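Me: I have a model open on my screen and I'd like to learn how to read it. Can you walk me through it, one feature at a time?

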Amino acid sequence: MKSVNVQIDKILAPASTVTAADIEALKPEIEAAHQLVHSGEGKGNDFLGWVTLPSSITDSQIAEIEAAAKTLRDEADIVIAIGIGGSYLGAKAVLEALSGSFDNLTAPKKGTNPKVLFAGQNISEDYTWELLEAVKDYDIATIVISKSGTTTEPAIAFRIIRDQIEKRYGKAEAAKRIVAVTDASKGALRTLADTEGYKTFVIPDNVGGRYSVLTPVGLLPLAVAGVDIRGLVAGAVEMEKLTATAPFAENPSMQYAAARTALYRAGKKIEILASYEPKLQNIGEWWKQLYGESEGKDGRGIFPASVTLTADLHSMGQYIQQGERTLFETVIRVAQPAHTFKIEADAENLDGLNFLAGKRISEVNQMAILGTMLAHVDGGVPNIAVEIPQIDAHSIGALLYMFEKACGISGYALGVNPFDQPGVEAYKKNMFALLGKPGYEAEGEALRKRL
């Protein structure tokens, strides 16, 4: 079985507005978009470093990351990873997928994997206070991730957490407990790191934040947490090679991009990414940034949403089944769970579940997946299936790269630059103006009159 298998036959149901002929007709366009990704002749070509990133990662680079991770592991019970957007979503998604569902119930313990917590992804005063309260009795360290060092959310968090570390351990000891992932030569964080003597890793200039999970941005926090980063990279390398050469009909990234493009042009404007494994919930969060930030511009783009099933069938299921028919569904399926748990018979059978006796919970889950898919297809919701063999580092690495490649392809097919994000600056300018940042006084006065 391939690490990622994309199945699009359920978007071709009799009631669907998309046919096999529509998909085949897109082949030249999707192949051309794929070629643009590799040739570097399209829009945003200065941010294509992710395309060959997996295969370019050397053993010495991984060893350096592992060595820095070991230093932090030796120093701290808890490591706080500071970043926002692509600077934390990838690491959080992979960490959640590859950790035990209830690892948060065990206290940090020296000699084991440190807990990796996240900060700088919000400006919540309560979150910040509660984080500092939670770590006050533990040894702490931090990884701060920022290209510039001046992005508001992580900059505030780093100022506070750095102050805590320096107060606890002194400046010299603090330098051993702080690692900066930043620009190679410029920016506020680079200047501070060089001045204070922090260990640093470089965010490549040609890799945008939402594509950066396989750089030190994602790999360092994951290595600290004990994730098999070599397996993660190996899975991505496999998918990089497959999607670079496989023909259209056998190329998972091309097939996914073609299906999305056909459905969008047929009026399906919302894509719901669904999974039936709670561990994959934050894969959905990472995926939403990847596609939302890459495609949502120039008045175009599919709106990305996500659900975790079967839980959300009891909340969002009604809308998905019978709401406005502007959506389609992509379901991440896991072929084989890691554990075995069978349902036992009960003598009284008051719950009426003895018909399930002897079955594994995964069997029930698989039938829920199939039953839901058929119901949604019959209800006018086309379904794409993305199947991985199991939840492990290799499969997750392959899945992430497949989505990245498909995103570049479908973005070019949409006619936008998939690698910029000019729209995210608007809120920042308004926030700075309302806060009275020097140079924004006039804008602030005008905005206050509108409130």
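Reply: Sure, we'll go from the overall picture down to single residues. Keep in mind that this is a predicted model.

Me: Let's start broad. How many helices and strands are there in the protein?

Reply: You'll find 17 helices and 10 strands. The C-alpha trace spans about 65 × 60 × 50 Å along its principal axes.

Me: What does the radius of gyration tell me about the 451 residues?

Reply: You compare it with what a compact globule of that length would have. For 451 residues that would be near 22 Å, and the protein has 23 Å, so the two agree. Two other values go with that: 48% of the residues count as buried, and among contacts with a separation of 6 or more, 78% link residues 24 or more positions apart.

Me: And what about the surface? How much of the accessible surface belongs to carbon and sulfur atoms?

Reply: The accessible surface comes to about 20,500 Å², and 55% of that belongs to carbon and sulfur.

Me: Now the inside. Which residues have the most contacts inside the largest nonpolar core?

Reply: Look for Leu220, Ile384 and Phe403, in a core of 96 residues. Helix H15, residues 393–414, gives the most to this core, with 14 residues. There's also a second, separate core of 20 residues, which includes Val135, Ile140, Phe158 and Ile165.

Me: If I click on leucine 220, what is it in contact with, leaving aside its neighbours within four places in sequence?

Reply: Leucine 220 touches Ile65, Ala68, Ala69, Ile143, Val179, Val181 and Phe201.

Me: On to strands. Which strand does S7 pair with in the parallel sense over six bridges?

Reply: In a regular strand, side chains alternate between the two faces of the sheet. Here, S7 (residues 270–275) pairs in the parallel sense with S8 (residues 303–308), over six bridges. S7 also runs parallel to S9 (residues 327–334), again joined by six bridges.

Me: Which residues are the bridge partners of serine 275, in S8 and in S9?

Reply: In S8, serine 275 partners with threonine 308; in S9, its partner is isoleucine 332. For another pair to click on, glutamate 271 has proline 304 as its bridge partner in S8.

Me: Is S7 enclosed or open to solvent, and why?

Reply: Count its buried residues. Five of the six residues of S7 are buried, so the strand is largely enclosed by the rest of the structure.

Me: What do S7, H12 and S8 make together?

Reply: They make a right-handed β-α-β unit. Helix H12 covers residues 281–295.

Me: Last topic, backbone oddities. Where is aspartate 298, and what is its phi?

Reply: A residue to flag is one with a positive phi that isn't a glycine, and aspartate 298 fits, with a phi of about 55°. Aspartate 298 lies in the loop between H12 and S8. At 56% relative accessibility it counts as exposed, because the cut-off for that is over 50%.

Asparagine 349 also has a positive phi, about 50°, without being a glycine. Asparagine 349 lies in the loop between S9 and helix H14 (361–378), and at 28% relative accessibility it counts as partly exposed.

Me: Is the peptide bond from leucine 309 to threonine 310 cis or trans?

Reply: Read omega for that one: it is near 10°, and the bond is cis. Threonine 310 lies in the loop between S8 and helix H13 (317–322).

Note on methods: Residues numbered from 1 in each chain as written. Predicted model: local features only at pLDDT ≥ 70, side-chain atom pairs only at ≥ 80, totals over all residues. Heavy atoms only, no water. Pairing = 2+ DSSP bridges. Helix = DSSP H or I, 4+ residues; strand = E, 2+ residues; numbered from the N terminus. Right-handed = clockwise from strand over helix to strand, strands pointing away. Rg over C-alpha atoms; globule rule 2.2 N^0.38 Å. Buried < 20%, exposed > 50% of the residue type's maximum accessible area, 1.4 Å probe, protein only. Contact = heavy atoms within 4.5 Å. Areas by Shrake-Rupley, 256 points an atom, 1.4 Å probe, with all protein chains shown as cover. Core = buried A, V, L, I, M, F, W, Y, C linked by side-chain atoms within 4.5 Å.
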